[in-house]
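Thanks for making time. Let me take you through one fold, from the sheet to the charged pairs.

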Amino acid sequence: MSVDAIVRTVFPEGYTVFFGADEKVIMTPQSEEHSSTIRSMQIDTLALGRHAKVTSDVYLDFPADENSAPDLAILREDARKDGKRYSFEDVLLICEVVSVSSARKDYDDCTAKYGRYGIPVYLVVDPYAQEVVVHTQPNGTGYIAAYTHKYGTGKLPIDLADGRTFTLDLDALPRP
């Protein structure tokens, strides 16, 4: 698809559109719950500092062209882009927010992938089940440890590999 065609295209309301390096156009619906959950988590990341390296829906480079654009990623403070993107090696925490169409991918596929690449902490935030699953101790097939925390149970401190703590406010996460 040419740049002119993209500029003139009217994409359906409620969809997030990604343009991959391989010239693919990926359209995913984004619900209000999904969007407000990401925003709530972004607000919680402000405690890491105004200039903390936090991305949302931004491609990260993984080996073997398995790039991902997670809903939220917290990077090492000294992370540097390699070309146009950060590397998976710079990631301290990845969070995916479950949507109706992404549940299997977020709970299963991403857990295996992020664990395989050694992402230290992987969060699955599920607004429909109103729970957060914290995966730690990555290994070659996923994660050794997974803990589930219900919405409305206070503040959840999550230790990052660089010594900082990301605190997720489970009381502030929006409910559908």
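Helices and strands here are DSSP runs, at least four residues for a helix and at least two for a strand, numbered from the N terminus. On that count, the protein chain has three helices and twelve strands. Keep in mind that this is a predicted model. The chain holds 176 residues, and 43% of them are buried. Now take contacts between residues at least 6 apart in sequence: 46% of these join residues at least 24 apart.

Start with the sheet. Six strands build it, and it is open. Read across, the order is E3-E5-E7-E8-E9-E10, with mixed pairing. Which strands sit at the edges? They are E3, residues 54-55, and E10, residues 142-150, and each of them pairs on one side only.

Helix H2, residues 32-45, packs on this sheet. H2 touches E3, E5 (72-75), E7 (91-97) and E8 (121-126). The direction of H2 makes about 155 degrees with that of E7.

Go to the E10 side. E9 covers residues 131-139 and runs antiparallel to E10. How many bridges join E9 to E10? Eight. If you want a register mark, valine 133 stands opposite threonine 148 in E10.

Next, the nonpolar interior. The largest nonpolar core has 22 residues. Leu93, Leu123, Val125, Val132, Phe166 and Leu168 touch the most other members. Contributors of at least two residues each are H2, E5, E7, E8, E9, E11 (155-159) and E12 (165-169). Which element gives the largest share? That is E7, with four residues.

Zoom in on leucine 168. Setting aside residues up to four places away in sequence, leucine 168 touches Met41, Asp44, Leu123, Val132, Gly154, Lys155, Leu156, Ile158 and Leu173. Apart from the largest core lies another one, of 18 residues. Its members include Phe88, Val91, Val98 and Tyr117.

On to backbone geometry. Most residues other than glycine have a negative phi. Two residues deserve a look on that score. Aspartate 57 is not a glycine, yet its phi is positive, about 55 degrees. Aspartate 57 sits in the loop between E3 and E4, with E4 at 60-61. Its relative accessible area is 24%, so aspartate 57 counts as partly exposed. Glutamine 130 is the other: not a glycine, and a positive phi of about 55 degrees. The loop between E8 and E9 holds glutamine 130. At 25% relative accessibility, glutamine 130 is partly exposed.

Now the charges. Side chains of opposite charge can pair when their charged atoms come close. How many salt bridges does a search of the whole structure find? Nine.

Take arginine 164 and glutamate 77. Their side chains meet in a salt bridge, 3.7 Å from N to O. Arginine 164 lies in the loop between E11 and E12, and glutamate 77 in the loop between E5 and E6 (86-87), so the pair ties together parts that are 87 residues apart in sequence. Are the two partners buried or exposed? Arginine 164 is buried, at 13% relative accessible area. Glutamate 77 is exposed, at 55%.

Arginine 164 also meets aspartate 162 in a salt bridge, at 2.7 Å from N to O. Aspartate 162 is partly exposed, with 32% relative accessibility.

Another pair is lysine 105 and aspartate 106, whose closest N and O atoms are 3.2 Å apart. Lysine 105 is partly exposed at 36%. Aspartate 106 is buried at 1%. There is also a salt-bridge network, linking Arg76, Asp78 and Asp90.

Last, the cysteines. A disulfide is a covalent bond between the sulfur atoms of two cysteines. How many disulfides does the search of the whole structure find? Zero. Cysteine 95 is buried, with a relative accessible area of 0%. Cysteine 110 is buried too, at 7%.

To recap: an open sheet of six strands with mixed pairing, H2 packed on that sheet, a largest nonpolar core of 22 residues, and nine salt bridges. That's my tour.

Definitions and conventions:
Residues numbered from 1 in each chain as written. Predicted model: local features only at pLDDT ≥ 70, side-chain atom pairs only at ≥ 80, totals over all residues. Heavy atoms only, no water. Pairing = 2+ DSSP bridges. Contact = heavy atoms within 4.5 Å. Axes fitted to C-alpha atoms, helices over the stretch in contact; angles between N-to-C directions. Buried < 20%, exposed > 50% of the residue type's maximum accessible area, 1.4 Å probe, protein only. Core = buried A, V, L, I, M, F, W, Y, C linked by side-chain atoms within 4.5 Å. Salt bridge = Lys/Arg side-chain N within 4 Å of Asp/Glu carboxyl O. Disulfide = S-S within 2.5 Å.
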